[in-house]
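Colleague: I am new to this one and would like to understand the words as well as the picture. Could you put it up, and let me ask how you know each thing?

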Amino acid sequence: MLSTRVIACLDVHNGRTVKGINFINLKDAGDPVEQARQYSLIGADEICFLDISATNEKRRTMFNVISKTAESCFVPLTVGGGVNNLKDFRELLNSGADKVSINSSAVYNPNFIRESSDKFGNQCVVLAIDAIENKKLPCGYEVTTHGGRKKTNIDVLKWAKQGVKNGAGEILLTSMNSDGTKKGYNLKLTKLIAKNVSVPVIASGGAGSPRDMVDVVLQAGASAVLAASIFHYGIHSISSVKKEMLKNGIQVRDCEN
Amino acid sequence: MNLVIIDYGSGNLRSVENAFKNTVAVNNLNFKIIVTNNLSIISKADHLILPGVGSFPDCKKGLLKIIGLLDLLTNQVLNKRKKFLGICVGMQLMVDYSLEKKRTSGFGWLDGCFKKLKKNGLDYLGRSYKIPHIGWNNLQIEDRNHPIFDNINEKEQYYFVHSYALESKSTNEILANTIYNQRIPAIIGKDNYIGVQFHPEKSGNSGQKFIYNWLKWKP
């Protein structure tokens with residue numbers, strides 16, 4: 001049976017991890033390569049790098065991070081943050097990334113999703129949506145860019161459907177209202193998108209406990225759960241999340257194998 | 001032993017190379033791994049790996065762009081009986097044809113065709129079946145005696161990402177299945193050639209075990 005995925009997300013700035021992880025025996029808590037490796041060893045089903053420096057000039061640093069990570073980390077790697085051209089997309093894949101997530105650049109260049117999925121296949125194109133509540137829009141949520149700072153007046157549900165039509169193979173859905181609160185994922189938003197698109201939806205933003213991950217799968221239909229800080233600070237481990245999921249009847253990958 | 005990963009402009013060559021190099025290093029095996037599209041190097045290889053991501057027609061097109069590669073591959077695998085592994089679209093290319101986008105012929109080494117995954121119905125948690133089939137899934141081993149399954153149990157999971165599945169009448173060519181709304185052939189093969197729908201290079205320790213078994217396999 002297909003496992004529900006638990007994805008660890010690393011925020012990377014100029015080649016360094018922003019939030020340190022308290023792994024035992026970790027010599028350099030700011031090294032994303034070493035952290036990704038640790039995560040893969042303790043059972044993360046996927047690693048997601050978010051490049052928050054995200055300028056085209058600094059992209060090279062990220063190519064190196066991916067390339068080094070891919071040498072010793074044999075789980076799927078997703079990279080996102082400011083990728084806005086096919087050349088960088090290709091270079092990330094060549095460095096060892098399996099998927100690239102596209103966020104703001106899809107808003108400013110609506111053809112980018114189509115162009116990249118035509119070129120590299122929809123399996124490696126992830127549409128990242130940063131959603132914020134806006135009651136004036138039909139679905140109640142608005143697409144934002146630049147980490148939630150810029151509003152677009154685009155309806156999230158419409159945007160998600162269009163993205164899938166254009167070839168996105170997966171949606172990484174972040175609730176900007178829940179992000180950082182540790183009060184749980186936005187179930188209403190996640191359910192709305194998961195119910196209405198044909199591709200897997202990864203829930204993101206707000207995870208504070210293993211129970212939150214169970215809820216977003218059982219109540220909102222998420223195909224995967226992503227979290228950053230609850231893993232980083234060692235509050236909850238990947239295995240405690242998986243134990244809780246299993247206890248609630250959600251199939252997960254056994255990390256022991 | 002020379003092991004060639006065929007570079008035909010498609011795929012996560014780097015990841016495949018990394019994963020095989022790691023298995024070789026960790027187990028102290030004697031393999032030289034080369035990534036190339038050079039026909040004379042390919043013809044001298046002992047073992048061949050054909051990766052592939054993206055769409056079936058694009059991969060086929062990429063392969064045909066390298067003049068002589070398809071004939072060479074067929075000769076190396078079917079006549080010279082060199083050990084072969086096709087990964088994901090590399091596996092899909094081994095059969096008669098695929099219906100992805102348009103009907104495109106494969107190598108015809110194995111029976112069957114690729115059709116879009118079925119999306120009707122709900123999973124055990126009431127979620128609709130999403131396409132692509134992305135994530136870690138188990139194998140139902142059909143040919144337990146095959147050396148490719150040494151030390152591999154059905155609890156282990158492998159990383160899949162695909163939207164098309166093989167339909168084949170030759171059940172003896174299906175070595176393992178996986179289940180996602182339907183029975184999906186996960187490992188197919190005959191004689192000296194094997195194809196896998198999942199990505200062993202991205203399947204953690206279970207993937208490393210599979211790669212080790214394939215490297216040690218003497219068809």
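Colleague: Which residue of β11(B) is the bridge partner of Lys115(B)?

Modeller: The bridge partner of Lys115(B) is Ala165(B). Before we go on, this is a predicted model, where local features need pLDDT of at least 70, side-chain atom pairs count only at pLDDT 80 or more, and totals for chains, interfaces and linings use all residues. Residues are numbered from 1 along each chain as its sequence is written, and chains are lettered from A and ligands numbered from 1 in the order in which they are written.

Colleague: What makes β7(B) and β11(B) a pair?

Modeller: Two strands pair if DSSP finds at least two bridges between them. Strand β7 (residues 110-116) of chain B shares four bridges with β11(B), so the requirement is met. Their sense is antiparallel. Strands here are DSSP runs of E with at least two residues, and helices are runs of H or I with at least four, numbered from the N terminus.

Colleague: Where do these strands sit in their sheet, and what makes a strand an edge strand?

Modeller: The open sheet has four strands of chain B in the order β6-β5-β7-β11, with mixed pairing. Its edge strands, β6 (104-105) and β11 (164-167), each pair on one side only.

Colleague: How do chains A and B meet?

Modeller: In chain B, 35 residues are in contact with 33 residues of chain A, where contact means that the C-beta atoms, placed from the backbone, lie within 7 Å. On the chain B side, α1 (13-26), β8 (133-138), β10 (157-162) and α6 (204-216) give two or more residues, and β8(B) has the largest share, six residues.

Colleague: Why is α2(A) called roughly parallel to α3(A)?

Modeller: Helix α2 (residues 59-72) and helix α3 (residues 86-95) of chain A pack at about 25°, with axes 8 Å apart. Angles under 35 degrees count as roughly parallel, over 145 as roughly antiparallel, 65 to 115 as roughly perpendicular and the rest as oblique, so this pair is roughly parallel. Among the residues that meet are Phe63(A) and Ile66(A) in α2(A), with Leu92(A) in α3(A).

Colleague: How do you know whether the radius of gyration of chain A agrees with a compact globule?

Modeller: The radius is taken over C-alpha atoms, and the globule rule is 2.2 Å times the number of residues to the power 0.38. For 257 residues that gives near 18 Å, and chain A has 17 Å, which agrees. The C-alpha atoms of chain A fill a box of roughly 50 × 40 × 35 Å along the principal axes. Chain A has ten helices and eleven strands.

Colleague: Why does Asn196(A) count as buried, exposed or partly exposed?

Modeller: A residue is buried if 20 or more other C-beta atoms lie within 10 Å of its own, exposed if 12 or fewer, and partly exposed in between, with C-beta atoms placed from the backbone. Asn196(A) has 15 such neighbours, so Asn196(A) is partly exposed. Asn196(A) lies in helix α7 (residues 187-196) of chain A. Beyond residues up to four places away in sequence, Asn196(A) touches Leu157(A) and Lys161(A).

Colleague: Which residues of β10(A) are buried, and which way do they point?

Modeller: Val201(A) and Ala203(A) point one way from β10 (residues 201-204) of chain A, Ile202(A) and Ser204(A) point the other way, and all are buried. Strand β9 (residues 170-175) of chain A runs parallel to β10(A), joined by four bridges, and Leu173(A) has Ala203(A) as its bridge partner. Across chain A, buried residues make up 55% of the 257 residues.

Methods
Contact = placed C-beta atoms within 7 Å. Axes fitted to C-alpha atoms, helices over the stretch in contact; angles between N-to-C directions.
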